[in-house]
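Colleague: Please walk me through one part of this model up close. Pick a spot worth a good look, and take your time with the pieces around it.

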Amino acid sequence: VALLQHDEAPKRSTPDLTNQPGVVAIRARKTRSCSMRMRHAYRGIYALQSAACAYTLNAVAGQASTEPIKKKIDTPKSAGELLANLATRQRHIFLSGSIDDELAKAVVAMLIYLDHESSEPISLHINSTGGKVYAAMAIYDTMAMLHSPVHTTCLGHCESMAAVILAAGEPGSRYALPNARIMIHQPVRGTSRAKSNARELAIQSAEIEKTRLRIAQLLANSTGRTQKELEELINEDHYCTAAEARELGIIDQIATSGHFSRTAASSKSDSSAANQNVKKGPQLIEPE
């Protein structure tokens with residue numbers, strides 16, 4: 001500012017030397033030096049303004065830090081993001097496709113994570129043809145060890161071990177959509193080897209029989225029926241509609257309009273209306 005004022009101050013009266021030799025060069029040097037002073041002066045002013053703006057912004061930020069900040073809600077951009085959003089915000093888990101070790105690991109991890117977050121109900125939506133018996137057993141046992149009740153819903157179809165997981169939900173909160181199909185049967189052994197001797201076939205046969213009795217025991221515990229009744233039912237593929245599954249005891253209710261928008265509070269109140277002859281939740285039963 002001082003430099004600007006100095007440049008704008010009135011000059012002393014000097015004789016007119018316009019026509020004298022060398023005056024043009026002197027004026028050029030003077031003009032360049034004056035423009036340099038002007039440039040430095042403006043740089044100083046800009047620096048002061050920047051410092052003042054920074055101070056003001058810091059002061060405003062300090063005052064506004066106590067005010068609540070609105071979180072921006074991001075719209076899911078893919079199916080994976082949508083499923084993660086539903087799992088973390090609304091406690092919905094989807095079990096879809098053939099049950100193998102990888103799918104069981106993902107479902108078990110989500111169940112444990114949501115159980116650590118809160119003890120509110122977890123909604124498990126199932127649309128599966130079944131799969132590996134012991135991969136499904138991992139999900140079944142994890143459900144039995146959680147503090148949070150697990151509400152199950154059949155979407156489309158639940159067959160084989162998927163039906164066992166469906167029946168293992170919180171009593172009173174096991175649902176099926178109106179056109180869903182449920183199927184239970186005894187386990188089958190895949191052809192893991194091209195050739196097997198008589199001894200190996202006998203071992204595999206004994207293992208399948210033990211697994212069959214175990215599945216009948218778990219279904220009997222979930223449905224409230226006797227194990228003998230379930231053993232007879234699973235000897236062959238036993239298909240059920242939603243109404244027939246409710247009568248059998250695999251589910252409690254047929255889902256109606258607004259089922260997926262139910263709040264945790266309403267679901268919790270519904271779970272208190274469970275059948276009195278069925279134990280609460282899946283039980284860790286020791287094999288006989």
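Modeller: Before the helices come up, one bit of arithmetic: the expected span of a helix is 1.5 Å times one less than its number of residues. Also keep in mind that this is a predicted model. The part I'd pick is the largest pocket, so here is a little background and then the tour.

The protein chain has ten helices and seven strands. Of its 288 residues, 34% count as buried. If you take the contacts between residues at least 6 apart in sequence, 74% of them join residues at least 24 apart. About 18600 Å² of the chain is exposed, and carbon and sulfur atoms supply 56% of that.

Now the pocket itself. Its volume is about 420 Å³, and 24 residues line it. Nearest its centre you'll find Val 133, Pro 187, Val 188, Arg 189 and Thr 211. By type, the lining splits into 13 nonpolar residues, eight polar ones and three charged ones. Three helices each put at least two residues into that lining: H5 (133-145), H6 (161-167) and H7 (198-223). The biggest giver is H7, with seven residues.

Start with H5. This helix has 13 residues, and from first C-alpha to last it reaches 19 Å, close to the 18 Å expected. Its buried residues are Val 133, Ala 135, Ala 136, Met 137, Ile 139, Tyr 140, Thr 142 and Met 143. They have plenty of partners: strands S1, S2 (122-128) and S3 (150-159), together with helices H4, H6 and H7.

Val 133 deserves a stop of its own, as it sits in H5 and is one of the residues nearest the pocket centre. Val 133 counts as buried because its relative accessibility is 18%, and the cut-off for buried is under 20%. Leaving out residues up to four places away in sequence, Val 133 touches Met 161, Pro 187 and Thr 211. Two of those partners, Pro 187 and Thr 211, also lie nearest the centre of the pocket. Val 188 is 55 residues from Val 133 in sequence, yet their C-alpha atoms are 9.6 Å apart.

Next, H7. With 26 residues, this helix should span 38 Å at 1.5 Å a residue, and its end C-alpha atoms are 37 Å apart, so the two figures agree. Its buried residues are Thr 211, Arg 212, Arg 214, Ile 215, Ala 216, Gln 217, Leu 218, Leu 219, Ala 220, Asn 221, Ser 222 and Thr 223. Those residues pack against helices H5, H6, H8 (227-233) and H9 (242-248), and against strands S4 (174-176) and S5 (181-184).

One of those strands, S5, holds Ile 182. Ile 182 counts as buried because its relative accessible area is 0%. Skipping neighbours within four places in sequence, its contacts include Cys 154, Cys 158, Ala 163, Leu 166, Ala 176, His 238, Tyr 239, Cys 240 and Ala 245. Glu 244 lies 62 residues away along the chain, with a C-alpha separation of 9.0 Å from Ile 182.

Then there's the approach to H6. Ser 160 is in the loop between S3 and H6. Ser 160 has a positive phi of about 60 degrees, although it is not a glycine. Its relative accessibility is 15%, so Ser 160 counts as buried.

If you follow S1, one of the partners of H5, back along the chain, you reach another loop residue with a positive phi. Arg 91 lies in the loop between H3 and S1, and its phi is near 60 degrees, again in a residue other than glycine. Arg 91 counts as buried because its relative accessibility is 9%.

The helix just before Arg 91 is H3 (residues 79-90). H3 has twelve residues and reaches 16 Å between its end C-alpha atoms, close to the expected 16 Å. Asn 85, Leu 86 and Ala 87 are its buried residues, and they pack against strand S1 (92-96) and helix H4 (101-117). Both S1 and H4 are also packing partners of the buried residues of H5, which brings you back to a helix that lines the pocket.

Technical notes: Residues numbered from 1 in each chain as written. Predicted model: local features only at pLDDT ≥ 70, side-chain atom pairs only at ≥ 80, totals over all residues. Heavy atoms only, no water. 1 Å grid on protein atoms, 1.4 Å probe; cavity = no way out; pocket = protein on both sides within 12 Å on 5 of 7 lines; lining within 4 Å. Points joined across faces, edges and corners; volume = space filled by probe spheres on them. Helix = DSSP H or I, 4+ residues; strand = E, 2+ residues; numbered from the N terminus. Nonpolar A, V, L, I, M, F, W, Y, C, P; charged D, E, K, R; others polar. Buried < 20%, exposed > 50% of the residue type's maximum accessible area, 1.4 Å probe, protein only. Contact = heavy atoms within 4.5 Å. Areas by Shrake-Rupley, 256 points an atom, 1.4 Å probe, with all protein chains shown as cover.
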